[in-house]
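Here are a few exercises to work through with the model open beside you. Try each task on your own before you read its solution.

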Amino acid sequence: MVDNIGASASSEDGGIKEQDRLLPIANVGRIMKQILPPNAKISKEAKETMQECVSEFISFVTSEASEKCRKERRKTVNGDDVCWAMAALGFDDYAGPLRTYLQRYRELEGDRANQEKASNSNNTEEKEEQSSSYRNNQLH
């Protein structure tokens, strides 16, 4: 792992800015606080270390998933690819629960889309009825 203390805004890894390479430290700190007791404190150094680690982990898994997609001549990495990469990299204990979460997420998104579709359909029907009623009133 490279020590980034005192690193400038752009790094040696292809000119990518550090802020674009790392998760926002406020988000990392918020996630860390969720698991700790309410009175616990987290040092800036601990947040920065965790920020580096989780960002590297995400890059590692994403790179594996992306390579799979490249071999399959696909351009879009999806949730199934990430689950596959987790298992392929030896994170089987996490890949299973992640698959379960992904399945539930897709079910909820499907339900939400169906509700929106039904709501939009009802709104369209109501507008058509109002328009028809308005036209009928204008004729009489």
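Buried means under 20% relative accessible area, exposed means over 50%, and partly exposed is in between, using a 1.4 Å probe and protein chains only. This is a predicted model, so local features need pLDDT of at least 70 and side-chain atom pairs count only at pLDDT 80 or more, while totals for chains, interfaces and linings use all residues. Residues are numbered from 1 along each chain as its sequence is written, and side-chain values use heavy atoms, with hydrogens and water left out.

**Exercise 1. Get the overview.** Work out how many helices and strands the chain has, and what share of its residues is buried.

Solution.
- Step 1: Take helices as DSSP runs of H or I with at least four residues and strands as runs of E with at least two, numbered from the N terminus.
- Step 2: Count them up, and you get 5 helices and 0 strands, in the order α-α-α-α-α from the N terminus on.
- Step 3: Of the 140 residues in the chain, 14% are buried.
- Step 4: Now the surface, computed by the Shrake-Rupley method with a 1.4 Å probe, where for residues only the protein chains shown count as cover. The accessible surface is about 11,400 Å², and carbon and sulfur atoms own 52% of that.
- Step 5: For contacts, look for heavy atoms within 4.5 Å. Among contacts between residues at least 6 apart in sequence, 32% join residues at least 24 apart.

**Exercise 2. Check a helix with a ruler.** Does the end-to-end distance of α3 agree or disagree with its expected span?

Solution.
- Step 1: The expected span is 1.5 Å times one less than the number of residues in the helix.
- Step 2: Helix α3 covers residues 44-71, which is 28 residues, so the span should be 40 Å.
- Step 3: The end C-alpha atoms of α3 are 41 Å apart, which agrees.
- Step 4: Next, see what happens after the helix. R73 sits in the loop between α3 and α4, and has a positive phi near 55° despite being a residue other than glycine. With a relative accessible area of 79%, R73 is exposed.

**Exercise 3. Find what covers α3.** Which residues of α3 are buried, and which elements are included in what covers them?

Solution.
- Step 1: The buried set in α3 is Q51, E52, S55, V61, A65, K68 and C69.
- Step 2: Their cover includes α1 (18-21), α2 (25-35) and α4 (79-88).
- Step 3: Zoom in on S55, which counts as buried at 4% relative accessibility. Leaving out residues up to four places away in sequence, S55 touches R21, L22 and L23.
- Step 4: Compare I58, also a residue of α3, which is partly exposed at 41%. I58 and L22 are 36 residues apart in sequence, with their C-alpha atoms 9.7 Å apart.

**Exercise 4. Pick out the core.** Which residues form the largest nonpolar core?

Solution.
- Step 1: A nonpolar core is a set of buried Ala, Val, Leu, Ile, Met, Phe, Trp, Tyr and Cys residues joined through side-chain atoms within 4.5 Å.
- Step 2: The largest one has 5 residues: V61, A65, A85, M86 and A95. Two or more of these come from each of α3 and α4.
- Step 3: Beyond its neighbours within four places in sequence, A85 contacts V61, E64 and A65.
- Step 4: For background, nonpolar side chains tend to be buried together in soluble globular proteins.

**Exercise 5. Follow D81 and the start of α4.** Which side chain makes a polar contact with the side chain of D81?

Solution.
- Step 1: A polar contact is a pair of N or O atoms within 3.5 Å; within protein, one must be able to donate a hydrogen and the other to accept it, and residues adjacent in sequence count only if both atoms are side-chain atoms.
- Step 2: The partner is R74, at 2.6 Å.
- Step 3: D81 belongs to α4 and is buried at 3%. A polar atom of the D81 side chain also lies 2.9 Å from the backbone nitrogen of N78.
- Step 4: N78 in turn caps the N-terminal end of α4, with a side-chain oxygen 2.9 Å from the backbone nitrogen of D80.
- Step 5: At the other side of the helix, just after α4, G90 has a positive phi of about 95°.

**Exercise 6. Look at the cysteines.** Are C69 and C83 buried or exposed, and how many disulfides does a search find?

Solution.
- Step 1: C69 counts as buried at 2% relative accessibility, and C83 counts as buried at 2%.
- Step 2: Count a disulfide when a pair of cysteine sulfur atoms lies within 2.5 Å. The search of the whole structure finds 0.
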